Amino acid sequence: MTAEHTEHTDTAAYTVVVNDEEQYALWDAGLPVPGGWRREGFSGGRAECLEHIERVWTDMRPLSLRTAGR
């Protein structure tokens, strides 16, 4: 099975998680969130979650780096 095929047939539920450095990730909604991460509040299909992350994560630098110059 190709990665492209998997993306089109993926019907799993995902949630968007974020860590203290405001870095985002996609996580299987049925699994416990790993230590250091918390649910961001958006859930849905893989494509929907990735689109959400793309919209909200506009500065890829970790929070500590972004605030270091202040």
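These questions and answers concern strand β1 and its surroundings in a predicted model.

Me: How many residues of strand β1 (residues 14–19) are buried?
Reply: The rest of the structure largely encloses β1. The strand covers residues 14–19. Its count of buried residues is six of the six.

Me: Which residues point one way from β1, and which the other way?
Reply: In a regular strand, side chains alternate between the two faces of the sheet. In β1, T15, V17 and N19 share one direction. Pointing the other way are Y14, V16 and V18.

Me: In which sense do β1 and strand β2 pair, and over how many bridges?
Reply: Strand β2 spans residues 24–28. One pair of facing residues is T15 in β1 and W27 in β2. The pairing of β1 and β2 is antiparallel, over five bridges.

Me: Which residue takes a positive phi in the hairpin of β1 and β2?
Reply: Four residues lie between the strands of this hairpin. One residue there has a positive phi near 60°. That residue is E22.

Me: Which residue in β3 stands opposite T15?
Reply: Strand β3 covers residues 37–44 and runs antiparallel to β1. Five bridges join β1 and β3. Opposite T15 in β3 stands S43.

Me: Which element gives the most to the largest nonpolar core?
Reply: This core has seven residues: Y14, V16, V18, Y24, C49, I53 and W57. At least two come from each of β1 and α2 (46–56). With three residues, the element that gives the most is β1.

Me: Which residues of this core are in contact with V16, leaving aside its neighbours within four places in sequence?
Reply: V16 belongs to the largest nonpolar core. Its contacts beyond those neighbours include R38, R39, E40, G41 and F42. Among its contacts are also these core members: Y24, C49 and I53.

Me: Is N19 buried or exposed, and what is its relative accessible area?
Reply: N19 lies in strand β1. The cut-off for buried is under 20% relative accessible area. N19 is therefore buried, at 9%.

Me: Which side chain makes a polar contact with the side chain of N19?
Reply: A polar atom of the N19 side chain lies 2.9 Å from the backbone nitrogen of E21. The side-chain to side-chain polar contact of N19 is at 3.0 Å. The partner in that contact is Q23.

Me: Which residues is N19 in contact with, leaving aside its neighbours within four places in sequence?
Reply: E21 and Q23 are set aside here, as neighbours within four places. What remains is G36, W37 and R38.

Technical notes. Residues are numbered from 1 along each chain as its sequence is written. This is a predicted model: local features need pLDDT of at least 70, side-chain atom pairs count only at pLDDT 80 or more; totals for chains, interfaces and linings use all residues. Side-chain values use heavy atoms; hydrogens and water are left out. Buried means under 20% relative accessible area, exposed over 50%, partly exposed in between (1.4 Å probe, protein chains only). Two strands pair if DSSP finds at least two bridges between them. A nonpolar core is a set of buried Ala, Val, Leu, Ile, Met, Phe, Trp, Tyr and Cys residues joined through side-chain atoms within 4.5 Å. Contact means heavy atoms within 4.5 Å. A polar contact is a pair of N or O atoms within 3.5 Å; within protein, one must be able to donate a hydrogen and the other to accept it, and residues adjacent in sequence count only if both atoms are side-chain atoms.
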